[in-house]
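Trainee: Could you take me through one part of this model up close? I'd like to see how a single spot is set up and then what the rest looks like.

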Amino acid sequence: MGKDRQPFIGIFGRRNNGKSTLINRLAGQEIAIVSDIPGTTTDPVKKSFEITGFGPVVLVDTAGTDDIGELGAKRISRALQAIDRIDLAILITTNNLLGEPEEKLISEFRKRDVPFLVIHNKEDLVPANQNIEKEYVNRGSSGFFKLEPALSTEPIIDAIRQTIPESAYTTPTLLGDLITPGDIILLITPIDIEAPAGRMILPQVQTIRDVLDNDAICIVLKETEAEPFLKKTGIKPALVVTDSQVFAKADKITPKNIRLTSFSILLARLKGDFSQYMKGTPKIDELKDNDRVLILESCTHHVACDDIGREKIPNWLKTHTRKQLYFDVIAGLDNIKRPITDYALIIQCGGCMITRKQLHNRLKPAIDAGIPVTNYGMAIAWVHGIYSRAIAPFQRKPK
């Protein structure tokens with residue numbers, strides 16, 4: 001697999017430790033504001049640059065984790081939230097400090113399986129003592145570096161190259177293990193009120209590209225044209241992929257000897273914890289009156305009157321279960337306001353607008369608490385009675 005996305009590297013530490021200065025030194029240009037005034041960096045700021053011999057990365061400059069006051073607490077919260085999005089962390093310290101701010105960051109890195117490097121900055125002012133490196137290594141650091149203005153950052157660049165996990169810059173295939181060169185793949189893509197004007201949604205575009213990358217043939221039709229096309233041409237696709245909203249109709253018009261799934265389920269397998277989705281989806285039938293369900297949308301968008309996450313899925317669930325259910329919807333990566341244990345079920349969208357790491361970290365508190373999780377497409381397939389068919393393509397032995 002080649003490098004097909006940019007890894008995110010978060011820069012963390014106390015105020016005025018030199019986080020923005022390091023970003024400028026790594027990039028070889030002034031791309032971050034530097035000031036002697038503590039707290040210059042507020043919300044996390046993303047900066048892109050190219051690592052020679054590796055490729056593009058995104059540096060995330062965060063606020064100091066020793067900030068003070070009510071506004072400072074919000075800045076610290078934003079800095080900690082950034083850990084959900086990164087693939088590698090760099091913790092900058094000075095003056096041989098390893099206190100509560102550093103311990104908190106390291107705990108969050110380890111909780112999310114984020115590898116981290118430690119830089120003891122301003123080495124010319126206060127050199128690192130003999131024990132501080134050992135203390136950080138004992139806490140899981142993948143490398144410890146001493147830095148001052150006269151020293152090169154090349155060893156740090158080398159460590160970044162070696163420490164970034166391969167999963168940070170490669171994306172597994174959507175369909176590669178399900179299809180073979182020359183297969184015909186039929187995509188059913190409704191053009192309705194939720195379809196963006198003049199273009200297709202990202203999962204549809206990704207699927208088209210993946211079909212082409214695997215040397216197969218892609219046919220794209222609206223749901224109104226799919227049945228006449230199949231009857232008129234006699235073509236038997238190797239796989240039909242449909243939008244979840246017309247799952248039931250696609251099931252009726254697609255012959256039972258043709259594999260069928262949805263864009264959302266493809267994304268669920270690509271980005272989500274598919275095994276947990278498989279365990280969690282049947283729990284829909286165990287919902288009880290007055291249970292609360294959390295729906296997680298990974299993007300923000302204008303809400304239509306027939307919105308899939310806010311209207312259709314809640315209505316389908318209530319009709320299927322015949323229970324009085326309550327729903328909360330969280331858009332983007334906003335904080336979940338209620339305790340996660342208030343929910344009997346979590347339903348996650350496909351996650352096309354966030355990374356796999358972000359999605360996994362989003363669901364981890366629920367999974368750790370034993371709360372069932374599922375996905376838009378899988379939940380829709382379940383309530384329409386076509387779940388077994390929809391997941392069947394992924395239960396076959398890979399080609």
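Mentor: Let's start with Asp210, keeping in mind that this is a predicted model. Asp210 is buried, yet it has no salt bridge. A salt bridge needs a side-chain nitrogen of Lys or Arg within 4 Å of a carboxyl oxygen of Asp or Glu, and the nearest side chain of opposite charge, Arg269, is 7.1 Å away from Asp210. So what does Asp210 touch, leaving aside residues up to four places away in sequence? Its contacts are Thr173, Leu174, Leu175 and Gly176. Asp210 itself sits in helix H6, which covers residues 202-213.

Now for another helix. In H1 (residues 19-27), seven of the nine residues are buried, so the rest of the structure largely encloses this helix. Among those buried residues are Lys19, Ser20 and Asn24, along with Leu22 and Ile23. Their cover includes helix H5 (154-163) and the strands E1, E2, E3, E4 and E5.

Those strands bring us to the sheet. It's an open one with six strands in the order E2-E3-E1-E4-E5-E6, and the pairing is mixed. E2 (45-51) and E6 (144-146) are the edge strands with a single partner each, so one side of each has no neighbour in the sheet. From one strand to the next, the twist averages 25°. E2 pairs with E3 (residues 55-61) in the antiparallel sense over seven bridges, and Ser48 stands opposite Val58 in E3. Finally, helix H3 (residues 100-111) lies across E1, E4 and E5, running at about 170° to E4.

Notes: Residues are numbered from 1 along each chain as its sequence is written. This is a predicted model: local features need pLDDT of at least 70, side-chain atom pairs count only at pLDDT 80 or more; totals for chains, interfaces and linings use all residues. Side-chain values use heavy atoms; hydrogens and water are left out. Two strands pair if DSSP finds at least two bridges between them. Helices (H or I, at least four residues) and strands (E, at least two) are DSSP runs, numbered from the N terminus. Axes are lines fitted to C-alpha atoms, for helices over the stretch in contact, and angles run from 0 to 180 degrees between N-to-C directions. Contact means heavy atoms within 4.5 Å. Buried means under 20% relative accessible area, exposed over 50%, partly exposed in between (1.4 Å probe, protein chains only). Lys and Arg count as positive and Asp and Glu as negative; His and the chain ends are not counted.
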